[in-house]
Amino acid sequence: IVSEGSRNERAGLTLTSSVAPGLELRLSTETVVMPQPDHPFVQYAEMAPELARRGQQLKVLEHRPSRVAGVDGIDGRISLTDEDGRTTRRYLWFHAGAPARSEDPALSIHAEAPEALHDALDAAWTMVLQTFKRLPQDA
């Protein structure tokens with residue numbers, strides 16, 4: 001497949017586990033007209049008071065700069081407990097990309113699992129971040 005640079009390129013992949021139902025990994029890339037100024041989880045943190053009013057609890061577990069596959073991004077991790085007491089962990093590594101440059105698209109790596117699977121989630125997250133590669137790579 002040969003792709004010419006444009007402003008509307010988008011690709012995504014979702015992986016689920018038959019061994020650990022509820023564990024999901026999503027990877028996506030998109031050429032952006034304008035990069036998003038903040039990590040998407042910043043919006044969650046801003047919603048925390050409203051979530052609390054609805055009986056939900058949000059905890060920011062991590063929010064730090066992180067380099068993946070030679071690309072600078074932000075690694076964000078949260079746990080969200082719903083009004084029924086079910087807790088889900090959500091992890092997102094995010095690179096905003098450069099405006100209208102297909103060689104520097106927005107990248108996101110997202111993982112999610114119920115709290116009971118947090119060990120499997122952590123293992124999958126570490127493996128994905130350590131082995132993720134952008135292609136083509138410089139020789």
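**Figure 1. The open sheet and its edges.** In this predicted model, 6 strands form an open sheet, with antiparallel pairing and the order 1-2-6-5-4-3. Strand 1 (10-16) and strand 3 stand at the edges. Each of these two has a single partner strand, so one side of each is left without a neighbour in the sheet. On average, neighbouring strands of this sheet are turned by 10° against each other, direction ignored.

**Figure 2. Strand 1 beside strand 2.** Which strand pairs with strand 1 over 7 bridges? The partner is strand 2, and the pairing is antiparallel. Within this pair, Gly12 stands opposite Ser28 in strand 2. Strand 1 is an edge strand, and strand 2 comes next to strand 1 in the sheet order 1-2-6-5-4-3.

**Figure 3. Strand 6 and its two partners.** Strand 6 lies between strand 2 and strand 5 in the order of the sheet. On one side, strand 2 (residues 24-30) pairs with strand 6 in the antiparallel sense over 7 bridges. Here Arg26 stands opposite His110 in strand 6. On the other side, strand 5 and strand 6 run antiparallel and are joined by 8 bridges. Trp93 has Ile109 in strand 6 as its bridge partner.

**Figure 4. Burial along strand 6.** Is strand 6 mostly covered or mostly open? Strand 6 is mostly covered, as 7 of its 9 residues are buried. A residue counts as buried when its relative accessible area is under 20%. In a regular strand, side chains alternate between the two faces of the sheet.

**Figure 5. The loop at Ala69.** Ala69 lies in the loop between strand 3 (57-68) and strand 4 (71-81). Its phi is near 55°, a positive value in a residue other than glycine. Is Ala69 buried or partly exposed? The relative accessible area of Ala69 is 34%. Buried means under 20% and exposed means over 50%, so Ala69 is partly exposed.

**Figure 6. The loop at Ala100.** Where does Ala100 lie? Ala100 is in the loop between strand 5 (87-95) and strand 6 (106-114). Although Ala100 is not a glycine, it has a positive phi of about 50°. Ala100 counts as partly exposed because its relative accessibility is 33%.

Key: Residues numbered from 1 in each chain as written. Predicted model: local features only at pLDDT ≥ 70, side-chain atom pairs only at ≥ 80, totals over all residues. Heavy atoms only, no water. Helix = DSSP H or I, 4+ residues; strand = E, 2+ residues; numbered from the N terminus. Buried < 20%, exposed > 50% of the residue type's maximum accessible area, 1.4 Å probe, protein only. Pairing = 2+ DSSP bridges. Axes fitted to C-alpha atoms, helices over the stretch in contact; angles between N-to-C directions.
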